[in-house]
Amino acid sequence: MAYDADPVTLDIHEQLTRGTLQLSHMVYDPLIRRNKDLGFDGRLAKSSERVDDNTKRYHLREGVKFLTPVTG
């Protein structure tokens, strides 16, 4: 993995600098991402639907898996 700026931290919730943001985009794939037309493109989500005024349901691409961290 290579990028043009060193991240200040590996914790993307601690700082939002250019290097940290670049690293997070390479490591973590979001449900959706903004495109150049200020719309949204699916990343992990292939589609979405509005369930009600407070709820949106995302349908994931086939093969998407969430890993559970191993503890103790």
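## Exercises on a predicted model

S48 is partly exposed, at 38% relative accessibility. Here buried means under 20% relative accessible area, exposed means over 50%, and partly exposed lies in between (1.4 Å probe, protein chains only).

This is a predicted model: local features need pLDDT of at least 70, side-chain atom pairs count only at pLDDT 80 or more, and totals for chains, interfaces and linings use all residues. Residues are numbered from 1 along each chain as its sequence is written, and side-chain values use heavy atoms, with hydrogens and water left out.

**Exercise 1. Place S48 and list what S48 touches.**

Step 1. Find the element. S48 lies in strand β3. Strands (E, at least two residues) and helices (H or I, at least four) are DSSP runs, numbered from the N terminus.

Step 2. List the contacts, meaning heavy atoms within 4.5 Å. Leaving out residues up to four places away in sequence, S48 touches K56, R57, Y58 and H59.

Step 3. Look at the strand pairing. β3 runs antiparallel to β4 (residues 55–60), and six bridges join them. Two strands pair if DSSP finds at least two bridges between them. D52 has T55 in β4 as its bridge partner. Two residues separate β3 and β4 in their hairpin.

Step 4. Check a distance. From S48 to I32 is 9.8 Å, C-alpha to C-alpha, with their positions 16 residues apart in sequence.

**Exercise 2. Find the salt bridge and say which parts the pair ties together.**

Step 1. Apply the cut-off: a side-chain nitrogen of Lys or Arg within 4 Å of a carboxyl oxygen of Asp or Glu. The structure holds one such bridge.

Step 2. Name the pair. R43 bridges to D29, with the closest N and O atoms 3.2 Å apart.

Step 3. Locate both ends. R43 sits in the loop between β2 (40–42) and β3 (45–52), and D29 in the loop between α1 and β1, so the pair ties together parts 14 residues apart in sequence.

Step 4. Check exposure. R43 is partly exposed at 32%. D29 is partly exposed at 31%.

**Exercise 3. Which residues of α1 are buried, and how are they arranged?**

Step 1. Pick them out. G19, T20, L23 and S24 are buried in α1.

Step 2. Look down the axis of α1. The buried residues fall within an arc of 135°, so they line one face of the helix. The arc is that of the directions from the helix axis to the C-beta atoms.
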